[in-house]
Amino acid sequence: MPQNSQNKLTYFIGIGGIGISALARWYKAHGFRIQGSDLSPSSTTKELASEGAMIKIGPHNAGNLPPEASCVIYNQAISQDNPELLKARKLKIPTFSYPERLGELTRMYKTVAIAGAHGKSTTTSLTSLILEKAGFDPTVIVGTKLKEFAPPQEGNNFKNGKGEYLVIEADEWKASFLHYFPYAALITNIDREHLDFYKNLSDIKKAFLRFISNIHPYGLVVLNKDNKNLYSLKNKIKKPVVWYSIKSKNAAAIKKVLRIPGAHNLSNAVGAYTLTKALGVKHKPALKALAAYTGAWRRSELRGQVFGAEIFDDYGHHPTEIKATLAGFKEKYSDHKIICVFQPHQRKRLKLLFKDFTRAFNSADELILLDIYGVAGRDEDKKSSSSQNLAVAVQKETRRNVGVAATLSELTSLLKEKIKQPTKTTIIMMGAGDINEWTNSLLCLP
């Protein structure tokens, strides 16, 4: 890890990513000068610029890289032939991927890592806020924005604590989490996700077992007993495990105070409670923290009203997440019409999980699909699947009409048609791409 940080410059390629931007904030908080680049502007890049970071927006260019940079950290999505990365290596500037550098931080702190296919951000948020409430004052790097860590206005994905603990979100994509060496770790679940990197479910399970082997020999392993893929590994895990379940006696007390909907969020909360209790947090402060939590950025986030209907943003992009989130909304707003506007994220994910997607929207009363959000460096196949294909398949599966919108005007017309007063209506804008920008545009309509 870097020493003598005073005035040293660290350059971040793809600085707008939710994880790497939090790491950039850690560097800034520890005295480094920050510069970086990203393909397009976002609320995150604008926030970082307002905090003093110099950021180049647009196609990556070797000329963007300041030759005086002491270190270059790049987003995992960046290709190895990126011109800024090649320039850094030509100048013999040390280069590290985001998980490699975050991995070094995990050795500096008593690290608590939250892993799993789904629920990482919410569980990391809840764990962080419980530890904060209990006086641990942790440093936090999380894959969402928490208003409790504001400023900026939307909330923050980083908190610079003075305590010995670091709480991080440990992503399994490209085996990122194998760079981390936590004292304690929680795994929410294992699912068929990131199949652009992993061969199959068995391959994914092996990666999670390797992650568990990285946990400190005298540390803490907390696992979700309700997830069959995770529980199937019980005889292969060579460390003592604390299992949690929504069927446990503490789950009922947690459900009474929890303000975020759905069985999946109850599971996330029970996991965070179990983990923090094992770290020494008492029952009352843990429950108070859980009761105070109303959600995070793009996690069932209430944004306002459109045409008299409440509109929410949600990051769900995998069939399992979509099912769980929509079921939670249907439970909480049982007397509302639920309209889901979904933007598929990455063509290969849609292709590999196509059948699962056709059955993921059953809890929504109406479905509107936007065009697929293509991911730079991960969507070479432009013909594999489309939102139109998915619409036809969902219609066949559910025998109902599915709308498809390619423009804001088309989406606006479809929403007006589907929102019939005085029926109460809830709109969920869902996806991991730029669908939140569509929400922003809807909220600006007269």
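Which residues does Ser363 touch, not counting residues up to four places away in sequence? Here are some notes that start from that question and then walk through other parts of the model, which is a predicted one.

1. **Ser363 and its surroundings.** The answer is Leu326, Ala327, Lys330 and Ile338, leaving out residues up to four places away in sequence. You will find Ser363 in the loop between α13 (354-358) and β16. Ser363 counts as partly exposed because its relative accessibility is 23%, and the band for "buried" stops under 20%. Have a look at Cys340 too: Ser363 and Cys340 are 23 residues apart in sequence, and their C-alpha atoms are 9.3 Å apart in space.

2. **Strand β16, just after that loop.** Five of the five residues of β16 (residues 366-370) are buried, so the strand is largely enclosed by the rest of the structure. As a reminder, side chains in a regular strand alternate between the two faces of the sheet. In β16 both faces are covered: Glu366, Ile368 and Leu370 are buried on one side, and Leu367 and Leu369 are buried on the other. Glu366 may catch your eye here, as a charged residue among the buried ones.

3. **The partners of β16.** Strand β15 (residues 337-342) runs parallel to β16 and is joined to it by four bridges. Within that pairing, Phe342 stands opposite Leu369 of β16. Strand β17 (residues 403-405) also runs parallel to β16, with three bridges between them. There, Leu370 has Ala405 of β17 as its bridge partner.

4. **The β13-β14 hairpin.** β13 and β14 are antiparallel and pair over five bridges, with Gly304 standing opposite Ile311 of β14. Two residues lie between the strands of this hairpin, and Phe307 takes a positive phi near 55°. β14 is mostly covered, with five of its six residues buried.

5. **From β14 to β18.** β14 also pairs with strand β18 (residues 425-430), this time in the parallel sense, over five bridges. Ile311 turns up again here, standing opposite Ile427 in β18. Thr425 belongs to β18 as well, and Thr425 is buried, with a relative accessible area of 5%. Setting aside neighbours within four places in sequence, Thr425 is in contact with Ala309, Glu310, His336, Lys337, Ile339 and Ile419.

6. **The second largest pocket.** What is the volume of the second largest pocket? The figure is about 450 Å³. Its lining comprises 24 residues, and those nearest the centre are Thr294, Ala296, Ser300, Glu301 and Leu302. β13 (301-306), β14 (309-314), α11 (319-332) and α16 (435-443) are the elements that give two or more residues to this lining. β13 gives the most, with three residues. By class, the lining of this pocket has eight nonpolar, six polar and ten charged residues.

7. **The five-stranded sheet.** Elsewhere in the model there is an open sheet of five strands, with parallel pairing and the order β3-β2-β1-β4-β5. β3 (54-57) and β5 (95-97) stand at its edges with a single partner strand each, so one side of each is left without a neighbour in the sheet. From one strand to the next, the twist averages 20°. At the β5 edge, β4 (residues 71-74) pairs with β5 over three parallel bridges, and Tyr74 has Ser97 of β5 as its bridge partner.

8. **Helix α1 and a cavity beside it.** Helix α1 (residues 18-29) lies across β1 (9-13), β2 (33-38) and β4, and runs at about 175° to β1. α1 also gives the largest share of the lining of the second largest cavity, namely three residues. That cavity has a volume of about 30 Å³ and is lined by Ala24, Arg25, Lys28, Ile34, Leu48, Glu51 and Ala53. Its lining has four nonpolar, no polar and three charged residues.

9. **The largest cavity.** The structure holds two cavities of 30 Å³ or more, and the largest has a volume of about 50 Å³. Ten residues line the largest cavity, with Glu193, His194, Leu195, Asp196 and Arg349 nearest its centre. The lining of the largest cavity has three nonpolar, two polar and five charged residues.

Notes. Residues numbered from 1 in each chain as written. Predicted model: local features only at pLDDT ≥ 70, side-chain atom pairs only at ≥ 80, totals over all residues. Heavy atoms only, no water. Pairing = 2+ DSSP bridges. Axes fitted to C-alpha atoms, helices over the stretch in contact; angles between N-to-C directions. Contact = heavy atoms within 4.5 Å. 1 Å grid on protein atoms, 1.4 Å probe; cavity = no way out; pocket = protein on both sides within 12 Å on 5 of 7 lines; lining within 4 Å. Points joined across faces, edges and corners; volume = space filled by probe spheres on them. Buried < 20%, exposed > 50% of the residue type's maximum accessible area, 1.4 Å probe, protein only.
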